[in-house]
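Please look at the sequence and the structure together, and keep both in view while reading the paragraphs that follow.

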Amino acid sequence: PANPAPCARVLSNWPPDDRESLLAAAGEERLRRKAERLAVAIADRGANQVFYEEYLAALGYPENKAPFRRLAAVLPLDVLRATAAGDPVRAEALLTGMAGLLPPTTQGEWSAAARRHARALWDHWWKVRPETGGLKPDVWRLSGVRPANHPVRRLAGAAWFLTRPEPAADALRRCALGPNPVAALLDWLDVRADTFWGHYASRLGPRSTRPVALIGRSRASAILINVCVPMTAALGLDAPFAAGWLERLPPEAPSGRLRAVAHTLFGPQHPPSLYRDGLRRQGVLQIFQDYCLHNRSHCAECAFPGWLQESTAR
């Protein structure tokens with residue numbers, strides 16, 4: 001963009017409270033649009049399947065979102081739950097096998113615990129594997145992925161989460177209608193288990209001295225904002241947009257895109273407190289999507305600065 005961008009020149013004259021209000025309004029709009037999209041999907045495929053699709057996609061980060069979503073399509077939730085019969089290890093074998101990420105053999109450099117875990121997965125996989133429909137290993141982007149974020153660890157966490165007795169739609173309603181919905185949803189999404197991946201970050205690493213979350217608070221926060229809030233609204237509950245809920249959303253880890261857009265909007269010396277909470281970070285991304293993503297004029301033809309000036313005049 002131009003330096004400074006036209007929108008940054010207008011916003012530099014706005015009081016901090018007005019800039020924060022702008023981002024909050026954009027963030028709420030982003031969540032409402034997601035809720036509208038999910039409501040259409042729920043009418044087509046059912047609430048629990050749609051949650052499953054969105055949940056797996058959220059585990060994939062940008063690099064692996066597409067194959068995770070494809071996995072949810074080739075292995076529907078009702079098939080996973082019926083086959084696993086409440087056993088998370090069987091569910092992990094089915095998810096990992098269908099993803100094409102089940103190791104063909106154990107490796108000599110693995111720990112004894114890693115070899116036992118892989119054998120346990122194979123003991124289930126050969127009994128439940130379908131003849132066709134799985135993903136190929138080469139659809140996954142694994143280079144540069146931190147061990148704790150590797151798809152095989154995320155699938156293990158999903159296996160434990162998705163074999164819980166309470167269906168996701170029921171859990172969403174229960175948490176949303178409780179006294180502290182944000183905290184309840186974070187607790188529900190946080191997955192910790194006494195399993196191999198609950199003690200190891202990778203098959204090559206040593207056993208951790210402390211338990212390792214399969215789905216920790218950082219990823220749970222992202223799922224809460226991007227999946228649970230719009231899903232709850234799509235189920236017909238007004239709670240997500242009630243006063244006080246959105247303001248309590250935890251922040252996602254800042255991405256390079258978010259930092260770049262904030263730099264464009266507010267200049268290089270802006271205070272990060274402008275988008276400290278989860279709602280305002282959603283707002284930054286919505287402004288990017290509406291105005292920056294498809295604009296190839298280097299700001300010259302962008303309508304956003306004009307809209308900001310009209311808002312100032314009003």
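A salt bridge is a side-chain nitrogen of Lys or Arg within 4 Å of a carboxyl oxygen of Asp or Glu, and a residue is called buried when its relative accessible area is under 20%. With these two terms in hand, and remembering that the model is predicted, we can turn to Arg154, which belongs to helix α8, the helix of residues 151-162. Arg154 is buried, yet it has no salt bridge, because the nearest side chain of opposite charge, that of Asp190, is 8.7 Å away, whereas a salt bridge is defined as a distance within 4 Å. What the side chain of Arg154 does have is a polar contact of 2.8 Å with the side chain of Asn149. Leaving aside residues up to four places away in sequence, Arg154 also touches a set of others, including Leu59, Tyr61, Phe68, Leu214 and Arg219.

From this single residue we can move on to the nonpolar interior. The largest nonpolar core holds 79 residues, and Phe51, Tyr55 and Trp188 are those that touch the most other members. Helix α11 gives the most to this core, with 10 residues. Apart from this core lies another, of 23 residues, among them Ala5, Ala8, Leu258 and Phe304. If residues up to four places away in sequence are not counted, the contacts of Phe51 are Phe161, Ala168, Leu172, Trp188, Val227, Cys228 and Met231.

Helix α13 deserves a closer look. How far apart should the ends of this helix be, at 1.5 Å a residue? The 15 residues of α13, numbered 278-292, should span 21 Å, and this agrees with the model, since the end C-alpha atoms are 20 Å apart. The helix is mostly covered, with 11 of its 15 residues buried, and the buried ones include Gly278, Leu285 and Phe288. Among the elements that cover these buried residues are α2 (16-45), α11 (217-234), α12 (256-266) and α14 (304-313). At the N-terminal end, α13 is capped by Asp277, which has a side-chain oxygen 3.3 Å from the backbone nitrogen of Leu279.

Finally, consider the backbone angle phi. Most residues other than glycine have a negative phi. Ala85, however, has a phi near 50°, a positive value in a residue that is not glycine, and Ala85 is found in the loop between α5 (77-84) and α6 (88-98). Is Ala85 buried or exposed? With a relative accessible area of 57%, Ala85 is exposed. Cys299, in the loop between α13 and α14, likewise has a positive phi, of about 80°, although it is not a glycine.

Technical notes: Residues numbered from 1 in each chain as written. Predicted model: local features only at pLDDT ≥ 70, side-chain atom pairs only at ≥ 80, totals over all residues. Heavy atoms only, no water. Helix = DSSP H or I, 4+ residues; strand = E, 2+ residues; numbered from the N terminus. Buried < 20%, exposed > 50% of the residue type's maximum accessible area, 1.4 Å probe, protein only. Lys, Arg positive; Asp, Glu negative; His and termini not counted. Polar contact = N/O pair within 3.5 Å; in protein donor to acceptor, adjacent residues only side chain to side chain. Contact = heavy atoms within 4.5 Å. Expected span 1.5 Å × (residues − 1). Core = buried A, V, L, I, M, F, W, Y, C linked by side-chain atoms within 4.5 Å.
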